[in-house]
Amino acid sequence: MDAVQVVVARVRVVAPGADVVGARVLRFGDQVDVRPIVAFGAGERLTSAAVAGYIAKYATKGAESAGAVDGRIHQARELVMLPVRAHVLRMISTCWWLGGLPSFEPLGLRRWAHMLGYGGHFSTKSRRYSTTLTALREARAEHRAEEQRTALGIGGRTTVTIGQWRYAGRGYSPEAALLAASVREVGGPHGA
C-alpha cells in the first residue's frame with residue numbers, strides 16, 4: 001500500500017494540446033484511498049468472485065454518477081439549460097469548447113460532451129488478442145438460457161425455433177364478445 005501512495009504522488013503526465021490551451025500537467029489529486037480488499041466476515045475466504053465484484057462496482061460507474069446528462073448536446077445554447085451542478089457544467093462546457101478547436105476535433109469531444117468527453121466503455125477488448133463484448137454477451141445469454149432450461153427440467157433437449165410467424169386472426173371485439181356471451185347465456189338455438 002505504501003508503494004502505491006509513493007507512485008501516485010510521483011506520477012505526472014503532460015497533456016497534449018499545449019500549443020492550443022497551454023501546458024497542463026495531469027496528476028492524481030490529494031484524495032487517494034488505498035486499502036486492501038479483505039474478506040467480508042470472520043473466517044470468510046477472499047474469492048476471485050468477491051474481487052471481481054468489488055472492481056465491477058467501481059468500474060461500471062459511468063459519467064452520469066458524476067452528474068453528466070444522458071442525451072447528446074447538439075448546439076452550444078443547450079448548455080445553459082442543462083440540469084447539472086456548476087462543476088459538471090464547467091466540465092461539459094470545457095469538452096464542448098475543446099471539441100471545437102481543430103487540434104482536438106479528432107477526439108470527438110463535442111459528440112461526447114454530455115458524458116464529460118468519454119464515449120467508450122470502461123474496458124476494451126481486442127478482437128485480435130481477446131474476444132468482443134458482443135461475443136461475451138451472447139455466451140452469457142446462452143449460459144443463462146441453459147441454466148433456466150435445466151432448472152425447468154428440460155436441459156439437454158433440442159430447442160426448436162420457429163422462424164416464421166403469420167397473422168391468424170384476432171378474438172372477439174368487446175362488442176362481439178358481449179353479443180357472444182348473451183347468445184351463450186340464452187342457450188337456445190340461434191334465431192329462436
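Helices and strands here are runs assigned by DSSP, counted from the N terminus, with at least four residues for a helix and at least two for a strand. Keep that in mind, as whatever lies between two such runs can be called a loop, and we'll visit one: Leu116 sits in the loop between H4 and H5.

Before touring, a word on what you're looking at. This is a predicted model, so it helps to ask how far to trust it, and pLDDT is the predictor's confidence in each residue, from 0 to 100. The protein chain averages a pLDDT of 80, and 82% of the residues score at least 70. Confidence is highest in helix H4, at a mean of 92, and lowest in helix H3 (residues 48-59), at 70. Where pLDDT is low, the predicted coordinates shouldn't be read in detail.

Now for the overall layout. The protein chain has six helices and two strands, and if you walk along the sequence you meet them in the pattern α-β-α-β-α-α-α-α. Of the 192 residues in the chain, 15% are buried. The accessible surface comes to about 16,000 Å², and carbon and sulfur atoms own 57% of that. If you take the contacts in the chain with a separation of 6 or more, 34% of them link residues 24 or more positions apart.

Let's start with H4, which covers residues 86-99. From first C-alpha to last, its 14 residues reach 20 Å, close to the 20 Å expected at 1.5 Å a residue. Which residues of H4 are buried? They are Val88, Ile92, Cys95, Trp96, Leu98 and Gly99. Look at the gaps in that list and a bit of helix geometry comes in handy. An α-helix has 3.6 residues a turn, so residues three or four places apart point the same way. Part of what covers the buried residues of H4 is helix H2 (18-21).

Several of those H4 residues turn up again in the largest nonpolar core. That core has ten residues: Val69, Ile73, Leu79, Leu82, Val84, Val88, Ile92, Cys95, Trp96 and Ala113. There's also a second, separate core of five residues, and Val21, Leu98, Leu101 and Leu109 are among them. In soluble globular proteins, nonpolar side chains tend to be buried together.

Pick Val88 out of the largest core and see what it meets. Beyond its neighbours within four places in sequence, Val88 is in contact with Ala66, Gly67, Ala68 and Leu116.

For the second core, try Val21, found in helix H2. Val21 counts as buried because its relative accessible area is 18%, and the cut-off for buried is under 20%. Once neighbours within four places are set aside, Val21 is in contact with Trp97, Leu98, Leu101 and Phe104. Val21 and Leu101 are 80 residues apart along the chain, yet their C-alpha atoms are separated by 9.7 Å.

Back to the loop between H4 and H5. Is His114, which lies there, buried or exposed? His114 is buried, because its relative accessibility is 4%. Ignoring neighbours up to four places away, His114 is in contact with Ala68, Val69, Asp70, Gly71, Arg72 and Ile73. Leu116, in the same loop, counts as partly exposed because its relative accessible area is 23%. Leu116 also has a positive phi, about 60 degrees, although it isn't a glycine.

Past the loop comes H5, with 19 residues. H5 reaches 27 Å from its first C-alpha to its last, close to the 27 Å expected at 1.5 Å a residue. After H5 you'll find Gly153, with a positive phi near 80 degrees.

One resident of H5 (residues 133-151) is worth a stop: Arg149. Arg149 counts as buried because its relative accessibility is 18%. Its side chain is joined to that of Glu146 by a polar contact of 2.7 Å. Leaving out residues up to four places away in sequence, Arg149 touches Glu142, Ile154, Gly155 and Thr159.

Key: Residues numbered from 1 in each chain as written. Heavy atoms only, no water. Expected span 1.5 Å × (residues − 1). Buried < 20%, exposed > 50% of the residue type's maximum accessible area, 1.4 Å probe, protein only. Contact = heavy atoms within 4.5 Å. Core = buried A, V, L, I, M, F, W, Y, C linked by side-chain atoms within 4.5 Å. Polar contact = N/O pair within 3.5 Å; in protein donor to acceptor, adjacent residues only side chain to side chain. Areas by Shrake-Rupley, 256 points an atom, 1.4 Å probe, with all protein chains shown as cover.
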